[in-house]
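Here is a walk through one protein model, meant to be read with the structure open beside it. Turn it around as you go and pick out each residue when it comes up.

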Amino acid sequence: MPEPGHMQIGEVAERTGLSLRTIRYYGEVGLVVPSARSRGGFRLYTQEDVDRLNLIKRMKPLEFSLEETRELLETLDRLGAEQTSVQDREALSERLDAFEAAIVARCQALQKQLAMAEEFAGRLREQRARADAPT
């Protein structure tokens with residue numbers, strides 16, 4: 001039984017829609033390290049860990065690399081830390097602005113790809129309708 005406020009990996013997988021293997025992998029590469037371990041050695045996660053996994057999940061379709069993902073997570077962690085100086089916060093905020101610009105650009109590229117795919121599907125339906133029409 002997990003400690004109060006903690007979830008085992010199966011529950012985290014259900015909440016995030018990620019596989020156990022993926023969650024473990026993110027732990028291995030240091031993106032989301034379990035907040036605790038049970039007496040039996042099971043990984044235990046908090047809601048904050050789940051939120052972090054969901055953020056990673058949202059970055060994946062935008063094709064951010066593991067290193068870019070790590071950099072964004074570190075930026076957010078440092079911005080959330082009380083001991084971060086005002087000067088560092090300004091630099092981190094600029095870094096977030098750069099991530100936001102990259103996200104916007106990648107979303108626009110995906111929207112163009114989707115529009116092209118939808119146009120293609122429409123043309124295919126038209127050709128199918130012509131082929132199926134009685135002559």
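Is Glu 71 buried, partly exposed or exposed? With a relative accessibility of 29%, Glu 71 counts as partly exposed, because that class runs between the 20% and 50% cut-offs. Keep in mind that you're looking at a predicted model. To find Glu 71, go to helix α4. From there, look across to Leu 31: the two residues are 40 apart along the chain, yet 9.8 Å separates their C-alpha atoms.

Leu 31 is also a good way into the largest pocket, since Leu 31 is one of the residues that line it. The space in there comes to about 160 Å³. Along with Leu 31, the lining takes in Thr 22, Tyr 25, Tyr 26, Ile 56, Met 59, Lys 60, Phe 64, Ser 65, Leu 66 and Thr 69. Three helices each supply two or more of these residues: α2 (20-28), α3 (47-59) and α4 (66-80). Which of the elements gives the most to the lining? That's α2, with 3 residues. Sort the lining by class and you get 7 nonpolar residues, 3 polar ones and 1 charged one.

Some of those pocket residues carry aromatic rings, so let's follow the rings next. The model has 2 aromatic pairs. One of them is made by Tyr 25 and Tyr 26, whose ring centres are 6.0 Å apart with 50° between the planes, a tilted arrangement. How exposed are these two tyrosines? Tyr 25 is partly exposed, at a relative accessible area of 35%. Tyr 26, on the other hand, is buried, at 7%.

Phe 64 and Phe 99 make a pair too, with ring centres 6.0 Å apart and planes at 40°, so this pair is tilted. Where do the two rings come from? Phe 64 sits in the loop between α3 and α4, while Phe 99 belongs to helix α5 (residues 86-132), so the pair ties together parts that are 35 residues apart in sequence. Phe 64 is buried, with a relative accessible area of 10%. Phe 99 is buried as well, at 4% relative accessibility.

Stay in that loop for a moment and look at Glu 63, which is also placed between α3 and α4. Its phi is near 60°, a positive value in a residue that isn't glycine. Is Glu 63 buried or exposed? At 66% relative accessibility, Glu 63 counts as exposed, because the cut-off for that class is over 50%. Phe 64, in contrast, is buried.

Now step back along the chain into helix α3, where you'll find Asp 51. Asp 51 counts as partly exposed, with 43% relative accessibility. Its C-alpha atom is 10.0 Å from that of Val 32, and the two residues are 19 apart along the chain.

Time to leave the helices for the strands. There's an open sheet of 3 strands, paired in the antiparallel sense, and the order across it is β1-β3-β2. Why do β1 and β2 each have a side without a neighbour? β1 (7-8) and β2 (36-37) stand at the edges and have a single partner strand each, so one side of each is left open in the sheet. Between β1 and strand β3 (residues 43-45), the antiparallel pairing runs over 2 bridges. If you want to click on one of the partners, Gln 8 is bridged to Leu 44 in β3.

Just ahead of this sheet in sequence, Pro 4 lies in the segment before β1. At 80% relative accessibility, Pro 4 counts as exposed. The C-alpha atoms of Pro 4 and Thr 46 are 9.4 Å apart, although their positions lie 42 residues apart along the chain.

Finally, there's a record to set beside all this. In an unreviewed entry, UniProt lists residues 6-75 as "domain: HTH merR-type". In the model, that span is 57% helix and 10% strand, and the C-alpha atoms at its two ends lie 25 Å apart.

Terms used:
Residues are numbered from 1 along each chain as its sequence is written. This is a predicted model: local features need pLDDT of at least 70, side-chain atom pairs count only at pLDDT 80 or more; totals for chains, interfaces and linings use all residues. Side-chain values use heavy atoms; hydrogens and water are left out. On a 1 Å grid over the protein atoms alone, a cavity is a set of points where a 1.4 Å probe fits but cannot get out, and a pocket is an open set with protein on both sides within 12 Å along at least five of seven lines; lining residues have an atom within 4 Å of a point. Grid points are joined across faces, edges and corners, and a volume is the space filled by probe spheres set on the points. Helices (H or I, at least four residues) and strands (E, at least two) are DSSP runs, numbered from the N terminus. Ala, Val, Leu, Ile, Met, Phe, Trp, Tyr, Cys and Pro count as nonpolar, Asp, Glu, Lys and Arg as charged, and the others, Gly among them, as polar. Two strands pair if DSSP finds at least two bridges between them. UniProt positions are given in the numbering used here, feature names are shortened, and annotations may be inferred rather than shown by experiment. Rings of Phe, Tyr and Trp (its six-membered ring) pair if their centres lie within 6.5 Å; planes under 30 degrees apart count as stacked, over 60 as edge-to-face and the rest as tilted. Buried means under 20% relative accessible area, exposed over 50%, partly exposed in between (1.4 Å probe, protein chains only).
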